[in-house]
Amino acid sequence: MKNHRKPALNENRILAFSRVPLYIETICVSYNYPQSDREMSVEIEKQREMEINIKPLVPYAFVLMFIITIFGCNISSEEDNGRSSSQQTPVYITLISHNETDDERYGGYDTFEGYIQFRDALIRIADMVEAYQASWDFQTDWRFLEAARKFETSDVMESTGGKNILMYLHENKGVQIDAHSHEEGGYNYADVAYLIESLGVEPSGVVGGFIYDSPENDWERFRDPLQGQQYPEYTWQADILWGAASLGHQGEDDLCSGVWRPQDIYNFYVDDPEQRVMYIGNCNGLEGLEDLKKLFEDIENEDTPNAQIYTVTPIFFELEFVTKGEEEYEEFEKMLQELDTYVQEGKLIWATLNQMKTIWHEQFHSTPNIYCPSITPER
């Protein structure tokens, strides 16, 4: 396949100025002195005629060079800004799933039969995600992980190539494994990370959900190494915050897209380059794709800041696949199909939260962006 990439600024300048020797060579022909006066007279006359014919074209040649150079500047400017007439600024996306501990329906984790139901659902979901080459951050609380440590026997693991479900999702399906914790029942985030590691998978540095507007919950503690409560010999270090919510989801949950480094509890929407831990916005992913569509519209209309990173993270709960069955799988398939259409159009790029972190540093040079398609919170 041929590369149709437009040349950048420097390449256009090289292209333009590479023509200069051709013009000079045409106008100022090198003299190869003839052997006789007669031959010299003939040669000089020829060169005079050529100069007479070429000289009127010289100004046009330099005008052409000027146009090519300016055109190259415009192309480079469009490419540097990440927006051209033929390509829309993309949004980076990953799917997020949660399981919980405080709902009686999750009591299925406490029995072998119930655990196997959840396990089978995860395998089927993973197959669907893989079929669409999508990204998935599996954010799990402690109850599921303790069940996995109890029920992942050699007989159970036979269906996943001898690997427990966490290793299978991560190693075979490319799923990122994040800690998710309500920090209840004697388990905090470090304990959940410990359980992930005990199952053979290195936990990410993602805080998969937290209360962001309450001093009592103090999310700023995630900037420092966190010691386990259930497993106090273990410490865990966070580097990404995700899922900023109000207490009991009764207040203003974060609905924004983008990446930034929150300053503190009272200035969450102020980027502070001195802070190490970043936040990745979900673009109201709990409520479907409506805010994503509004974001597409804003980008297309150039109502958004240019050359910035935009993020969205649709959220689902694996429990729904167990309780609703085929109905939930069909809805999930429809969502994947719709998202795949946007991917094929160049509007979406699949990337896990860890990959978004790398992209933000390397491609966007850690430039903060906070954009809320549906609202602009007054903070």
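**Exercise 1.** In this predicted model, determine which residue of β15 stands opposite Val91, and how many bridges join strand β1 to β15.

*Solution.* Step 1: Opposite Val91 one finds Leu348, a residue of β15. Step 2: Strand β1 covers residues 91-93 and is joined to β15 by three bridges. Step 3: The strands β1 and β15 run parallel.

**Exercise 2.** State the strand order of the open sheet, and explain why one side of β13 and of β15 is left without a neighbour.

*Solution.* Step 1: The sheet is open, has three strands in the order β13-β1-β15, and its pairing is parallel. Step 2: The edges are occupied by β13 (311-312) and β15 (348-350). Step 3: Each of these edge strands has a single partner strand, so one side of each lacks a neighbour in the sheet.

**Exercise 3.** Identify the strands that helix α10 touches and those across which helix α12 lies.

*Solution.* Step 1: Helix α10 (residues 290-300) packs on the sheet and touches β1, β13 and β15. Step 2: The direction of α10 makes about 155° with that of β1. Step 3: Helix α12 (residues 326-344) lies across β1 and β15, and runs at about 110° to β15.

**Exercise 4.** Describe how helices α5 and α6 are arranged, and classify the residues of their contact.

*Solution.* Step 1: The axes of α5 (residues 112-131) and α6 (residues 142-151) come within 11 Å and cross at roughly 105°. Step 2: Angles of 65 to 115 degrees count as roughly perpendicular; α5 and α6 are therefore roughly perpendicular to each other. Step 3: Helix α5 contributes Phe112, Tyr115 and Leu122 to the contact, while α6 contributes Phe144, Ala147, Ala148 and Phe151. Step 4: These residues comprise seven nonpolar, no polar and no charged.

Definitions and conventions:
Residues are numbered from 1 along each chain as its sequence is written. This is a predicted model: local features need pLDDT of at least 70, side-chain atom pairs count only at pLDDT 80 or more; totals for chains, interfaces and linings use all residues. Side-chain values use heavy atoms; hydrogens and water are left out. Two strands pair if DSSP finds at least two bridges between them. Helices (H or I, at least four residues) and strands (E, at least two) are DSSP runs, numbered from the N terminus. Contact means heavy atoms within 4.5 Å. Axes are lines fitted to C-alpha atoms, for helices over the stretch in contact, and angles run from 0 to 180 degrees between N-to-C directions. Angles under 35 degrees count as roughly parallel, over 145 as roughly antiparallel, 65 to 115 as roughly perpendicular and the rest as oblique. Ala, Val, Leu, Ile, Met, Phe, Trp, Tyr, Cys and Pro count as nonpolar, Asp, Glu, Lys and Arg as charged, and the others, Gly among them, as polar.
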